[in-house]
Each structure stands twice: as structure tokens, then as C-alpha cells.
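Open the model in your viewer and keep the selection tool ready. We will go from stop to stop, choosing residues and looking at what surrounds them.

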Amino acid sequence: MLHSRLIRQVFLPITLLAVTLFGCAAVLAQTQRSPSDVVREFYKAMREHRFKDAWAMTIYKPAVEGLTADEMEDLRSDFEERAAKIPEPVEIMGEQISANTATVFVKVPVTESTPQITSEPVTLINSGGVWIIGTEAKQAEVIKKGHRFFLDALIEEHQSDIEDLLKRLVALEAGYAQQHNGAFGDLPALIKAGLMSDEVGEPKAMGYTFRITIAKDGKSYVSSAEPVRYGHTGKLSFWMDQTGNIKSADNGGKALAAPK
């Protein structure tokens, strides 16, 4: 009886502990992915539009963890554009590991601009025993900005796109006027003439509501743009007339008045 009690009190717990440790080791071995595995899984998740899963395998994990459903929706078109550029299938040509950093070489498909087979290096770092895509220098910036990282980058991109559009608009309107007896065209007219893409008229794609208001005589115009969601798709509002004079300011998402 005493012998049986000792077995239950001493040997059985040790056996259970050994089984538990063995099980943990087995799970850990299964979850430890090589740098190449991480790159493959990242691209797969991106292609399947599982964006949070994809970015969780990179240094950008803190940039998506706190995003709301609306904020993810604001970023979706940008993420989808990135995903569309990923070749299928992704072919790994090799990897190099040095201490806590690794480089995975991804095959770049042959195109007109790259007629020969080339490879694109993807850098990874080992963080807490797990390989993640990115560099330590960039990781520090992402951690500092947190969930605002992608949002602020998107705002800057949208604002830059609008400013570039306004700068091009002067030449586009001049070309349109030459073919229409000196009369300028509004946005639908420029799109119909093939001078602008349909995307310019889609606020969701641009992140901005963009308008061109033509004077009654057709000899002058005013263009304006305001963010669809202030603080999320943009902060600056824009105003420009036919002289090319661009005015921009943070007006809380409201339209700017003509300069006095």
C-alpha cells in the first residue's frame, strides 16, 4: 500500500511533467518557422487579404494591432494594391542567416523591364526567438508611432497625390480648353476625354472628395479637395484656381474659402 502511494505521489507527477514538457517542446518545434517559411506565409496571407495576419509576421505588428474596423477599411485599398503586386506562386531562391538577422531572396518574375531572372532580398530579424520581416531600425519607428504608423503614412500619401494632381490639372485644363473653344472642363468632362482616370472621381480610392467647379462662361475654374474622413484619409483641405495658385490648410476637414 505504501509502495503504491509513493508511486502516485512521486513518480506519477514526474511522469506527467515529462509528458507536458515533451508536448510543449513538440509544439514549440512546430511553431518555430525558418525565415523562408515566414516570407512564404506573409505573402500567402497578403494574397488572401488576411492583412492583420500578414502584418503580424512583420515589424509592423504594432501598427495594425490597435486598428478599428473603420481604420482597417480606410487602409484596405492600399493593402490590396500591395497584395496585387505579389507574384504567384512566390519562389524562394535561398536564404542567408547571420546571428539575429536573415535575408531571404525571392524570385522576381520576368517582365519587359526585368527580362532576366532576378531576386529581391527580404530582410528579417529574430525577435523573441521568432523571425519577423523588417529591420531593427524601422521597428523602433513603428513601435514609437504604434497604430498611427500606417494611418499617418496613408494621410501623407493621399495629400501628396492631391497636390500632384492639382499641379497637373493646370496643363490638363489647358489642353482641354484648346479643343473646346477655350472652355475648361469639369471632372466628368476630363474623365470622359481620357485626361483623368475614373479613380479620381472615386472618394474611397482617393481618400479625398475632389471637385472642379467651372464658371458660367467656362473661362475660369476652381478646384477643391477635402478628406473623406478627417484625420484618417487626410488632414489638409485644398483649393486652387485656373492660375495654378494652390492653397492648403488643416481646416478640420471642411472646404477652404477662396483666398482674399
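Start with the lining of the second largest pocket in this predicted model. By class, this lining holds seven charged, six nonpolar and three polar residues. The pocket's volume is about 300 Å³. Select Glu157, Asp161, Glu199, Ala205 and Met206: of the 16 lining residues, these are the closest to the centre. Now colour by element. Helix 5, helix 7 and helix 9 (203-206) each bring at least two residues to this lining. Which helix gives the most? Helix 7 does, with eight residues.

Next, the largest pocket. Its space comes to about 370 Å³. Pick out Tyr43, Ile86, Pro87, Glu120 and Val122, which lie nearest the centre among 17 lining residues. Helix 2, strand 2 and strand 3 are the elements that give two or more residues here. Strand 3 contributes the most, with four. How does this lining divide by class? Twelve residues are nonpolar, four are charged and one is polar.

Now go to the largest nonpolar core. It has 35 residues. Select Trp55, Leu124 and Phe150, the members that touch the most others. Then show the elements that each supply at least two core residues. Among the helices, take helix 2 (35-47), helix 3 (51-55), helix 4 (61-65), helix 5 (69-84) and helix 7 (148-179). Add strand 2 (101-108), strand 3 (118-127) and strand 4 (130-133). Helix 2 gives the most to this core, with six residues. In soluble globular proteins, nonpolar side chains tend to be buried together.

Stay with Leu124 and show its contacts. Leaving out residues up to four places away in sequence, Leu124 touches Pro35, Val38 and Val39. Its other contacts are Asn100, Thr101, Ala102, Val104, Trp131, Ile132, Ile133 and Gly134.

A second core is separate from that one. It has 21 residues, including Leu166, Phe210, Tyr221 and Met240. Keep Met240 selected for the last stop.

Which residue stands opposite Met240 in strand 8? It is Ile246. Show strand 7 (residues 236-241) and strand 8 (residues 246-250) together. The two strands run antiparallel and are joined by five bridges. They form a hairpin with four residues between the strands. End on Gly244 in this hairpin, where phi is positive, near 90 degrees.

Notes:
Residues are numbered from 1 along each chain as its sequence is written. This is a predicted model: local features need pLDDT of at least 70, side-chain atom pairs count only at pLDDT 80 or more; totals for chains, interfaces and linings use all residues. Side-chain values use heavy atoms; hydrogens and water are left out. A nonpolar core is a set of buried Ala, Val, Leu, Ile, Met, Phe, Trp, Tyr and Cys residues joined through side-chain atoms within 4.5 Å. Buried means under 20% relative accessible area, exposed over 50%, partly exposed in between (1.4 Å probe, protein chains only). Contact means heavy atoms within 4.5 Å. Two strands pair if DSSP finds at least two bridges between them. On a 1 Å grid over the protein atoms alone, a cavity is a set of points where a 1.4 Å probe fits but cannot get out, and a pocket is an open set with protein on both sides within 12 Å along at least five of seven lines; lining residues have an atom within 4 Å of a point. Grid points are joined across faces, edges and corners, and a volume is the space filled by probe spheres set on the points. Ala, Val, Leu, Ile, Met, Phe, Trp, Tyr, Cys and Pro count as nonpolar, Asp, Glu, Lys and Arg as charged, and the others, Gly among them, as polar.
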